[in-house]
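Dear colleague,

I am passing on the structure below, together with notes on what turned up when I went through it. Please read the notes with the coordinates open beside them.

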Amino acid sequence: MSTVPRGLRITLLLAPALLVVVGLFGGGLAQAVAQSLGYQPFLPGRELSLDAYRALWADPAVRASIGITLRVALISTAAAAVLGTAAALLVRSLGRHRRRFAALLQVTLPLPHAVAALAMILLLGQSGALSRVAAALGLVEDPSGFPALTQDGFGWGIIASYVWKEAPFVAVVVLAALSSGVAELEDAARALGANAAQRMRHVLAPVLAPAVAAASVLVFAFTLGSYEVPFLLGRPFPATLPVVAYQQFRDPDLSARPLAMAIAVVTALLVGACVVAYLSLSERLRR
Amino acid sequence: MRLRRPCADTAVRATMSAHEPRRGGELVVDGLRVAYEPGVPVVDGIDLAVPAGTLTALLGPSGCGKTTVLKVVAGLLTAGAGEVSVDGIALDTTPAERRPVGMVFQKPLLFGHLTVGDNVAFGLRMRGVGRAARRRRVAEMLELVGLPELAGRRVGELSGGQEQRVALARALVLDPRVLLLDEPFSALDAELRHRMRELVRRVQRELSITMLFVTHDQQEAVDLADAVVLMLGGRIEGVGSPSSFYTDPPTLAAARFFGSTNEIPGTVTGSAFTCPLGELQLDHPGPDGPGVLVVRPEAVRLLGADGPPNTVTTTVRETRFRGTHRTVVTVADGGTMVLTATVAPAVPVEAGDRVHLQLPPSACRVLPTAAPRIVTTTENEDARA
């Protein structure tokens, strides 16, 4: 038997992973917080302050960014939750073909988001497949007359890309929840006189709610903090928070750096709040 | 049998109109056949009748199709052939939620997001019963199952036994004509299982409800039931009173399922049974021809000397202490036939002793070796009369 105390042994075994997390992620976050407070030793006369956070609310680009970021995240999350749950319930009802369709549902999961974004450009862009089909059918005079669904002000292309990727993720989570004895509960409810609609409302919905909510929190956190999809499918203005943060970060004027970091820190805090909500829901799901 | 078809939801209306306990209904299953894969029936040719206000145990080993039968009766599974009726009303086209049948499952299957009271009230709520009436019925049912103070408790805070009591109350609250119980106590410890059996028996008697109780435990079936239906391999092996299965089993398989037996192959001629042990006398001879004589170890008597009819001289091979009794395994003279007897723990018998075993003619039954003989409850009652 080893003489090393158990706690120390676990710490040592986890050390390589912890080093990466604490060193890279924690270090980067600490650096971002420090710079957002004005810590820039390479510039003369800088003092620590909350000026960047005050400027953040005053900047019209950031205010517009908050709007589109929340809009895209909320609509994508709601659509993914509804479509993913519906898809899971549909797959469950397919009987012996269930496994095949469940596998089909998961095809989009391993694809990178950048690929999904490029696919949306090819499909929804004004020179994309949909616009050409619309022109061929005479719905628009010219493909360029097709409504702008990518690089648009509302963020439809971004939303479509997120829904395409995240609805299957929600479906997989819901399918897992459905496999844990829900059919038996529905049988019990049937034997107690509940019809299909009543079973949906009084049995399925309460059982699935924590799983759908947990998956939705993850989707919301991801769509809130994701950079590549809004960068590829969105406009430079208004852009989502991660894109604005990167724009500020790339500004040749180094005095813009605290603002970039303040945006990044606020985004990280929002995502952190989502993670806390997710953990709380997961705990409830386990109970 | 010609059955009446249900008009609209007669059964449901009847259920909901009565809040005072009513006697249960008669359940009849006729020619039931269920196959999950074409040509491979899980159960086949199931005919059974549960008289109104009685408790029948559907007994059989795991995987013999007991739960399948129950699910068909409840409407949770569709049969390939056959008919289910309650009080002469065919239920084949009636969906599960409108059948006058309640069910308690193997697992409690309580709704985790509801309190105990809300779980019990679930069926009433689904049928639109008002809040005050729900509350009154829930209180009555929780009182009946001995949990009057738990209405406000979360189901996650209940013990296994309490969960099954709540499940029982939840099924009873709808005042079903027939209550199905699918091994509801199999996950409980022996003491709790015993208490739950007594509870079910008390509830059944108080409400005079018709119950079909599925179990794989023959002791549970004997303890609880007015009648036992034995299922083996998807078919009914026999139907009878609990004691008849023990003393007068319909088949060799049934005899084995109800405990260990001594089995002696031979031939019946009149009231004599010729076998390797010699010629044995039978009080219940049955038809002439080959068969297997079965006699329970508990019925075999250990004698001090040879004398009475059917006494065999054997040598004790081993004895096994069983707490309340001792099992004596002997080998008959000639060394080929093993006979087992049960004696009191204090009886001084050791391996190597020569003993005389009597197989009482009244306790010997000769059973066919292959074709099963179906014994009906009526036949058994006639036999007893």
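Which residue in S8(B) does B:Val178 stand opposite? In this model, which is predicted, the partner of B:Val178 is B:Thr210. The two strands concerned, S7 (residues 178-182) and S8 (residues 210-215) of chain B, run parallel and are joined by five bridges.

Both strands belong to an open sheet of six strands in chain B, with mixed pairing and the order S6-S7-S8-S3-S9-S10. Strands S6 (101-104) and S10 (235-240) of chain B stand at its edges, and because each has a single partner strand, one side of each is left without a neighbour in the sheet. On average, and with direction ignored, neighbouring strands are turned by 20 degrees against each other. H5(B) packs on this sheet, where it touches S6 and S7 of chain B, and its direction makes about 175 degrees with that of S6(B).

Helix H5 (residues 160-172) of chain B also meets helix H3 (residues 116-126) of chain B, their axes coming within 7 Å and crossing at roughly 30 degrees. As angles under 35 degrees count as roughly parallel, H3(B) is roughly parallel to H5(B). The crossing is right-handed. On the H3(B) side the contact includes B:Val116 and B:Phe122, and on the H5(B) side B:Val166 and B:Arg170 are among the residues met; by class, the residues of this contact divide into five nonpolar, two polar and one charged.

Between the chains, 14 residues of chain A are in contact with 18 residues of chain B. H8(A) gives the most to the side of chain A that touches chain B, with six residues.

With best regards

Key
Residues numbered from 1 in each chain as written. Chains lettered and ligands numbered in written order. Predicted model: local features only at pLDDT ≥ 70, side-chain atom pairs only at ≥ 80, totals over all residues. Axes fitted to C-alpha atoms, helices over the stretch in contact; angles between N-to-C directions. Helix = DSSP H or I, 4+ residues; strand = E, 2+ residues; numbered from the N terminus. Parallel < 35°, antiparallel > 145°, perpendicular 65-115°, else oblique. Left-handed = near helix turned anticlockwise from the far one by under 90°. Contact = placed C-beta atoms within 7 Å. Nonpolar A, V, L, I, M, F, W, Y, C, P; charged D, E, K, R; others polar. Pairing = 2+ DSSP bridges.
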